[in-house]
Amino acid sequence: MAKHDPSLDHLFTALGDPTRRAILTRLAEGPASVSKLAAPFDMALPSFMGHLGKLEAAGLIETSKAGRVRSCALNPQGFAPAIDWLDAQRALWAGRLDRLDALVLGLARQTPTDT
């Protein structure tokens, strides 16, 4: 994976907003119409649609239209780039912390204790 993957920027930007995270939490329960998704939020529909647009651009949701009803569904595969990046970071830092732990233990063995 590239060090600076532009798709990660879109993904983390989408996840960086509490309204969008709340939408994703709701969609984890199952698909919903835009009107049902928008109901709990005190904002104009165009503003809410902007949030949906960012989620869709990041690949986190998919929308469909049946007649006059637009529905949204969670796209679990959309989280994969973030999960992959976070796993790589976890492995990197686990390795660094293991090396630091080994260094500290090695130094502790070398240092005579005062008694």
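Which helix is the place of Leu 100? Helix H5, residues 80-110, is where Leu 100 sits in this predicted model. The views below start with the chain as a whole and come back to Leu 100 at the end.

**View 1. The whole protein chain, five helices and three strands.** Walk along the sequence and the pattern reads α-α-β-α-α-β-β-α. Along the principal axes, the C-alpha atoms fill a box of roughly 80 × 30 × 20 Å. The radius of gyration is 22 Å, whereas a compact globule of 115 residues would come in near 13 Å. As for long-range contacts, take the pairs at least 6 apart in sequence: 51% of them join residues at least 24 apart.

**View 2. Surface and interior of the protein chain, with 24% of its 115 residues counting as buried.** The accessible surface comes to about 8,100 Å². Carbon and sulfur atoms account for 59% of that surface.

**View 3. The largest nonpolar core, built from 18 residues.** Leu 37 and Leu 52 are the ones with the most contacts inside this core. Four helices each put in at least two core residues: H1 (6-15), H2 (18-27), H3 (34-38) and H4 (45-57).

**View 4. A closer look at Leu 37 and the residues it touches.** Set aside the neighbours within four places in sequence, and Leu 37 still has plenty to show. Its contacts include Ile 23, Arg 26 and Leu 27, along with Ala 32. Phe 48 and Cys 72 are also in contact with Leu 37, and so is Leu 52, the other residue named for the most contacts inside the core.

**View 5. His 51, a residue of helix H4.** Is His 51 buried or exposed? His 51 is buried, because its relative accessible area is 14% and the cut-off for buried is under 20%. Beyond its neighbours within four places in sequence, His 51 is in contact with Asp 17, Thr 19 and Arg 20. Ile 23 and Met 43 complete that list for His 51. Ile 23 is a contact of Leu 37 too, so look for Ile 23 in both close-ups.

**View 6. A nonpolar surface patch of about 470 Å² that includes Leu 100.** Back to helix H5, the place of Leu 100. Leu 100 counts as partly exposed because its relative accessibility is 47%, and that class lies between the 20% and 50% cut-offs. Leu 97, Leu 103, Val 104 and Leu 107 make the patch together with Leu 100.

Terms used
Residues are numbered from 1 along each chain as its sequence is written. This is a predicted model: local features need pLDDT of at least 70, side-chain atom pairs count only at pLDDT 80 or more; totals for chains, interfaces and linings use all residues. Side-chain values use heavy atoms; hydrogens and water are left out. Patches are made of residues with over 30% relative accessible area and no salt bridge: like charges are joined within 9 Å, nonpolar side chains (Val, Leu, Ile, Met, Phe, Trp, Tyr) within 5 Å. Accessible areas come from the Shrake-Rupley method with a 1.4 Å probe; for residues, only the protein chains shown count as cover. A salt bridge is a side-chain nitrogen of Lys or Arg within 4 Å of a carboxyl oxygen of Asp or Glu. Buried means under 20% relative accessible area, exposed over 50%, partly exposed in between (1.4 Å probe, protein chains only). The radius of gyration is taken over C-alpha atoms; the globule rule is 2.2 Å times the number of residues to the power 0.38. Contact means heavy atoms within 4.5 Å. A nonpolar core is a set of buried Ala, Val, Leu, Ile, Met, Phe, Trp, Tyr and Cys residues joined through side-chain atoms within 4.5 Å.
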